Amino acid sequence: MSDAPANTLYPLPEDWPSTEAEATAVQNELRGQVVLDEPGPPPGAPLVVAGVDVAYDDERDLVAAAAVLLDARTLQVLEEATAVGRVSFPYVPGLLAFREVPTVLEALGRLTAEPDLVVCDGYGIAHPRRFGLASHLGVLTGLPTIGVAKNPFVFRHEPPGPRRGDAAPLLDGMDEVGRALRTQAGVKPVFVSVGHRVTLDRACEHTLLLAPRYRLPETTRAADGLCRAALRRAAG
DNA sequence: GCGACAG
DNA sequence: ATCTTGTCGC
């Protein structure tokens, strides 16, 4: 019972860093592996989309991750997986991946099917070194990924229009690295960016299709509920 | 030096 | 992220 199934599908790199200096060096090294010239899975197609999220109990040094598979067309949950581990990295803005990725990879590896797209909490290339959580998870798994964040990070933006689907660019100089996207009329936008192997246009289309009723994508909502439950179960 | 800062 | 009750509204 104490032996978890080996994660041969999405192994954690052996040179996983433990200091901030090592972590930023890893980001600068891996950022070149992000693929930005693939369109990614077509929005509206009968895809299997994964949502991943993590919950923490710093007091007990516990972290719980969840990976959930949804039918992109019906938004019904197809499969759920969780993993519990120790908090291995402090929260440092810009280094979130080193806190979340190890346990997320474990949860993803426990799924019996591979998703066509992974939706992450946080940013992809809209990041100080263009290598946020979603891009990191994409490069390590090879899967198409996008980031849907709840709050602004390093890039400012104009307020998007009031209607569902309205968006405003997150600009890094001349580059549009993400979008503030209104998923519900009159509700605070979410912040979408490309992770790996998906265009920004499609990332936003997927986000809208996954959020027909609430501000956040159903993938994120499902994963959030599951990792919180897993954490409570692990903590007591 | 000071503030800002995904989860 | 997390600490946290009730309350307004569909």
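How far from a phosphate oxygen of DNA strand C does a polar side-chain atom of Lys150 lie? The answer is 2.9 Å, and the views below set that contact in its surroundings. Keep in mind that everything here comes from a predicted model.

**View 1. Chain A as a whole.** Chain A is built from five helices and eight strands. Read from the N terminus, they come in the order α-β-β-β-α-β-α-β-β-β-β-α-α. The C-alpha trace spans about 50 × 40 × 35 Å along its principal axes. A compact globule of 236 residues would have a radius of gyration near 18 Å, and chain A, at 17 Å, agrees with that.

**View 2. Inside and outside of chain A.** Buried residues make up 53% of the 236 in chain A. Turn to the outside, and chain A exposes about 11,100 Å², with carbon and sulfur atoms supplying 50% of that area. Sequence separation is worth a look here too: take the contacts between residues at least 6 apart in sequence, and 67% of them join residues at least 24 apart.

**View 3. The surroundings of DNA strand C.** Four names to find here: Ala55, Tyr56, Lys150 and Arg228 surround DNA strand C. By class, that surface has two nonpolar and two charged residues, and no polar ones. Tyr56 uses its backbone, placing an N or O atom 3.3 Å from a phosphate oxygen of the strand. Lys150 brings in its side chain instead, with a polar atom 2.9 Å from a phosphate oxygen of DNA strand C. Arg228 also joins in through its side chain, where an N or O atom sits 3.5 Å from a phosphate oxygen of the strand.

**View 4. The surroundings of DNA strand B.** There are 18 residues around DNA strand B, and Tyr91, Gly94, Lys150, Asn151 and Pro152 come nearest. Lys150 is a familiar face, as it is also listed around DNA strand C. Sorted by class, the surface near DNA strand B has nine nonpolar, five polar and four charged residues. On the DNA side, take the strand B atoms within 4 Å of the protein: 43% belong to sugar or phosphate, and the rest to bases.

**View 5. Base nitrogens of DNA strand B.** Zoom in on the bases and three residues are worth picking out. A backbone N or O atom of Leu95 lies 3.3 Å from a base nitrogen of DNA strand B. Tyr123 likewise offers a backbone N or O atom, at 3.1 Å from a base nitrogen of the strand. For His127, look to the side chain: one of its N or O atoms is 3.4 Å from a base nitrogen of DNA strand B.

**View 6. Thr103 in helix α2.** Helix α2 covers residues 97-109, and Thr103 is part of it. Thr103 counts as buried because its relative accessibility is 8%, under the 20% cut-off. Who's around it? Setting aside neighbours within four places in sequence, Thr103 is in contact with Val63, Ala65, Ala83, Val84 and Gly85.

**View 7. Pro189 between two strands.** Pro189 belongs to the loop that links β7 (175-181) and β8 (190-196). Loop or not, Pro189 is buried, with a relative accessible area of 8%. Its contacts, leaving out neighbours within four places in sequence, are Pro160, Ala180, Leu181, Arg182 and Arg215. Arg164 is another residue to locate in this view: 25 residues separate it from Pro189 along the chain, and their C-alpha atoms are 9.1 Å apart.

Technical notes. Residues numbered from 1 in each chain as written. Chains lettered and ligands numbered in written order. Predicted model: local features only at pLDDT ≥ 70, side-chain atom pairs only at ≥ 80, totals over all residues. Heavy atoms only, no water. Near = heavy atom within 4 Å. Polar contact = N/O pair within 3.5 Å; in protein donor to acceptor, adjacent residues only side chain to side chain. Nonpolar A, V, L, I, M, F, W, Y, C, P; charged D, E, K, R; others polar. Helix = DSSP H or I, 4+ residues; strand = E, 2+ residues; numbered from the N terminus. Rg over C-alpha atoms; globule rule 2.2 N^0.38 Å. Buried < 20%, exposed > 50% of the residue type's maximum accessible area, 1.4 Å probe, protein only. Contact = heavy atoms within 4.5 Å. Areas by Shrake-Rupley, 256 points an atom, 1.4 Å probe, with all protein chains shown as cover.
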